Amino acid sequence: MKTQLIELNINDQIYEIPITPVDLLVDVLRKKVGFTGTKKGCGQGDCGACTVLIDGKTALACITLAIACQGKKITTIEGVANKDGSLHPIQQSFVEHGAVQCGFCSPGMILSSKALLDSNPSPSELEVKRALSGNMCRCTGYILILEAVHAAAEKMAQAGVK
Ligand code: FES
Ligand code: FES
């Protein structure tokens with residue numbers, strides 16, 4: 001299939017990437033740009049491991065065509081940390097609460113949490129559960145993750161992080 005050069009805005013940088021019209025965002029991120037923090041689990045929209053943000057909203061990169069992301073702002077887990085390299089409060093909270101075990105689900109979980117807290121800084125338990133309902137975790141039993149998200153909300157409120 002014919003390859004074409006497109007521009008994608010990933011983590012606030014513009015990348016020129018050769019793709020075919022059927023290339024999936026998850027494969028482009030991982031194999032063509034080297035953002036391997038975006039995980040590929042089921043590859044069919046069921047597990048949430050490939051979650052990224054597109055214009056601030058969660059999207060499943062395994063069922064998103066890269067070509068459809070032109071002109072949009074893509075955020076992967078590599079773009080979440082603070083500019084000085086320190087962890088974002090959500091990442092910090094996941095570490096502190098033992099919400100990262102094997103880590104395979106963590107990028108997707110953290111990006112879903114970020115989308116939630118950016119739009120709703122003080123979510124109820126139900127709202128957190130709903131926001132993370134598309135992200136599967138085989139290790140933690142979810143409780144530690146829910147605790148981490150609530151703790152992150154408090155941290156962000158205290159620090160005035162938006
Ligand atoms: S890898 Fe995309 S939802 Fe599972
Ligand atoms: S920490 Fe292993 S799948 Fe969630």
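**Close-up views of a two-domain model**

**View 1. The whole protein.** Five helices and five strands make up the protein; both are DSSP runs numbered from the N terminus, with helices being H or I runs of at least four residues and strands E runs of at least two. This is a predicted model, where local features need pLDDT of at least 70, side-chain atom pairs count only at pLDDT 80 or more, and totals for chains, interfaces and linings use all residues. Residues are numbered from 1 along each chain as its sequence is written, while chains are lettered from A and ligands numbered from 1 in the order in which they are written. Go along the sequence and you meet the pattern β-β-α-β-β-β-α-α-α-α. The radius of gyration is 16 Å, close to the 15 Å that the globule rule gives for 162 residues, so the protein is as compact as a globular protein of that length. (That radius is taken over C-alpha atoms, and the rule is 2.2 Å times the number of residues to the power 0.38.) Along its principal axes, the C-alpha trace spans about 50 × 30 × 25 Å.

**View 2. Where the two domains meet.** The protein splits into domain 1 (4-79) and domain 2 (89-159), with bounds that come from an automatic or database domain assignment. Taken over C-alpha atoms, their centres are 21 Å apart. Domain 1 brings 15 residues to the contact and domain 2 brings 13 residues; two residues are in contact if their C-beta atoms, placed from the backbone, lie within 7 Å. On the domain 1 side, β3 (51-54) and β4 (57-60) are the elements that give two or more residues. The largest share of that side, three residues, comes from β3.

**View 3. Helix α5, end to end.** Helix α5 covers residues 143-159, 17 residues in total. From first C-alpha to last it reaches 24 Å, close to the 24 Å expected at 1.5 Å a residue; the expected span is 1.5 Å times one less than the number of residues. Right after α5 comes G160, whose phi is positive, near 65°.

**View 4. The two faces of α5.** I145, A148, V149, A152, A153 and M156 are buried in α5. Seen down the helix axis, these buried residues fall within an arc of 145°, so they line one face of α5. (The arc is that of the directions from the helix axis to the C-beta atoms.) Their cover includes α2 (89-96), α3 (106-119) and α4 (125-131). The face turned away from the buried side carries the exposed residues I143 and Q158. A residue is buried if 20 or more other C-beta atoms lie within 10 Å of its own, exposed if 12 or fewer, and partly exposed in between, with C-beta atoms placed from the backbone.
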